[in-house]
Amino acid sequence: MLPNFLELNLIFILLSLIILNLIVLYFRNNISKLLNILDFPNERKIHTIPTPLVGGICLFITILISTTVIFFEGTISLNKYLVLILLCLIFFIVGLWDDSKTISPKIRTFVLIASLIFIIPFENDFIVKNLIFKSVDTNINLGSFSLLFTFFCIFSLYNALNFIDGYNGSATSIIIFWTIILLIYNPNFLYFTLAINLIIIFFYNLKGKIFLGNSGTSISSIFFGLFFINDYNKYGLIYADEILLIMLFPGIDMIRVTFERIFNGKKIYNADNTHFHHYLIKKKNKYIWQLMFAFTVCPILIFNMTFNIYLTIILEIVTYFGFLFILRKNQDG
């Protein structure tokens with residue numbers, strides 16, 4: 001018996017979405033000039049020509065239409081559909097606005113956190129109420145801290161995804177991995193369609209023809225944040241420690257960069273060249289996105305072989321900082 005997302009009518013919608021995204025990608029330069037979302041080279045960037053920031057537009061189209069389809073199929077409730085679409089729309093518009101005009105980090109942060117505070121409480125499946133671990137027999141009830149913890153997780157993911165998006169293929173390969181994880185645990189039309197269209201976006205991004213832009217990383221952060229929480233709460237097929245390990249590499253890099261900025265007396269939202277991919281670029285490494293992808297995938301693979309959360313986290317941290325030390329030492333030398 002075929003999965004429901006391979007039914008004839010859904011395949012037609014999938015093909016239509018692919019065509020629609022290919023049209024956006026084909027007219028990427030025209031769309032970017034119209035919306036003023038071209039990324040111009042500067043001293044911090046390695047691309048040499050203005051590059052269209054249309055990856056987020058393709059993601060928004062895919063998420064909007066696919067989510068609407070599963071809503072009419074009865075897979076998600078009207079309440080959940082409205083909360084999801086509203087938050088995705090806000091994150092996407094803020095990101096698109098930032099791509100076009102460059103918003104103050106304080107304004108951007110205020111708008112996004114305010115949207116989380118006012119909208120997420122309307123849908124219980126998007127709130128982390130307890131932490132159930134696979135590796136240890138522990139169930140932590142968050143109680144009154146549920147909402148605060150949920151806001152923290154989603155906004156941390158938003159920042160972490162922005163931090164790792166700085167080289168062709170890096171962020172797109174990682175969010176493809178996240179989509180495949182969700183699809184494995186919960187096969188449905190939304191994840192399947194998103195995975196297919198992300199692969200198309202990935203190849204355009206890998207060749208330097210498009211970037212995700214802030215709109216792309218913004219909508220990705222809210223989408224994956226909400227759906228990892230939703231699938232964790234509703235189906236119980238994925239555990240808190242597994243989600244932690246899936247997000248571990250972007251999280252470590254974000255925490256390290258943030259603390260280094262604080263230690264050096266810099267504002268935490270000011271851009272610099274101290275992200276992990278920057279050191280790989282300075283080293284002129286040929287396998288930048290592949291290494292970042294490997295750092296993302298390895299923790300969950302190691303965990304599924306050892307079932308030891310502590311060993312997995314220690315191995316990832318030691319490998320990350322060991323690699324970073326070598327890159328910095330070679331750079332100084």
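**Group meeting: a walk through a predicted model**

Glu 316 is buried, with a relative accessible area of 5%. I begin with this residue, and I should say at once that the model before us is a predicted one. Glu 316 belongs to helix 14. Which residues does Glu 316 touch, once its neighbours within four places in sequence are left aside? The contacts are Leu 248, Phe 249, Ile 252, Phe 295 and Pro 299. As a reference for distance, Ile 229 lies 87 residues from Glu 316 in sequence, and the two C-alpha atoms are 23 Å apart in space.

Let me turn to the charged pairs. The count of salt bridges in this model comes to 6. In general terms, side chains of opposite charge can pair when their charged atoms come close.

One of these pairs is Asp 253 with Arg 256, whose side chains meet in a salt bridge of 2.9 Å, N to O. Both residues lie in helix 11, which covers residues 248-263, and they stand 3 residues apart, about one turn of the helix. Are these two residues buried or exposed? Asp 253 is buried, and Arg 256 is buried as well.

A further pair is formed by Glu 260 and Arg 328, with the closest N and O atoms 2.6 Å apart. Glu 260 sits in helix 11 and Arg 328 in helix 14, so this salt bridge ties together parts that are 68 residues apart in sequence. Arg 328 counts as partly exposed, its relative accessibility being 25%. Taken together, Asp 253, Arg 256, Glu 260 and Arg 328 are linked in a network of salt bridges.

Another salt bridge joins Asp 125 and Lys 80, at 2.8 Å from N to O. Why does this pair tie together parts that are 45 residues apart in sequence? Asp 125 lies in the loop between helix 5 and strand 3, the latter being residues 130-132, whereas Lys 80 lies in helix 4, so the bridge spans that separation. As to accessibility, Asp 125 is partly exposed at 21%, while Lys 80 is buried at 3%.

Helix 4 deserves a closer look together with helix 5. Helix 4 runs over residues 78-101 and helix 5 over residues 105-119; they pack at an angle of about 175 degrees, and their axes are 11 Å apart. Angles over 145 degrees count as roughly antiparallel, and the two helices are therefore described as roughly antiparallel to each other. On the side of helix 4, the contact is made by Val 83, Leu 86, Leu 87, Ile 90, Phe 91, Val 94 and Asp 98. Helix 5 contributes Arg 108, Val 111, Leu 112, Ser 115, Leu 116 and Ile 119.

I move now to the surface. Ile 19, Leu 20, Ile 23, Tyr 26, Phe 27, Leu 64 and Ile 65 form a nonpolar patch there, with about 630 Å² of accessible area together. Helix 1, residues 8-26, and helix 3, residues 55-72, are the elements that give two or more residues to this patch. Which element provides the largest share? It is helix 1, with 4 residues. Phe 27, also a member of the patch, is found in the loop between helix 1 and helix 2, where helix 2 is residues 28-35. Its relative accessibility is 40%, so Phe 27 counts as partly exposed.

Two loop residues call for a remark on backbone geometry. Most residues other than glycine have a negative phi. Asn 36, however, has a positive phi of about 60 degrees although it is not a glycine. Asn 36 is placed in the loop between helix 2 and strand 1, the strand being residues 38-39, and at 39% relative accessibility Asn 36 counts as partly exposed. Phe 307 likewise has a positive phi, near 55 degrees. Phe 307 is in the loop between helix 13, residues 288-306, and helix 14, residues 309-332. With a relative accessible area of 47%, Phe 307 is partly exposed.

I close with another loop residue, Ile 238, found between helix 9, residues 213-234, and helix 10, residues 240-246. Is Ile 238 buried or exposed? Its relative accessible area is 4%, so Ile 238 is buried. Leaving aside neighbours within four places in sequence, Ile 238 is in contact with Ile 181, Tyr 185, Phe 228, Asp 231, Tyr 232, Ile 243 and Ile 246. Of these partners, Ile 181 is 57 residues away in sequence, with a C-alpha to C-alpha distance of 9.5 Å from Ile 238.

Methods:
Residues are numbered from 1 along each chain as its sequence is written. This is a predicted model: local features need pLDDT of at least 70, side-chain atom pairs count only at pLDDT 80 or more; totals for chains, interfaces and linings use all residues. Side-chain values use heavy atoms; hydrogens and water are left out. Patches are made of residues with over 30% relative accessible area and no salt bridge: like charges are joined within 9 Å, nonpolar side chains (Val, Leu, Ile, Met, Phe, Trp, Tyr) within 5 Å. Accessible areas come from the Shrake-Rupley method with a 1.4 Å probe; for residues, only the protein chains shown count as cover. A salt bridge is a side-chain nitrogen of Lys or Arg within 4 Å of a carboxyl oxygen of Asp or Glu. Buried means under 20% relative accessible area, exposed over 50%, partly exposed in between (1.4 Å probe, protein chains only). Contact means heavy atoms within 4.5 Å. Axes are lines fitted to C-alpha atoms, for helices over the stretch in contact, and angles run from 0 to 180 degrees between N-to-C directions. Angles under 35 degrees count as roughly parallel, over 145 as roughly antiparallel, 65 to 115 as roughly perpendicular and the rest as oblique.
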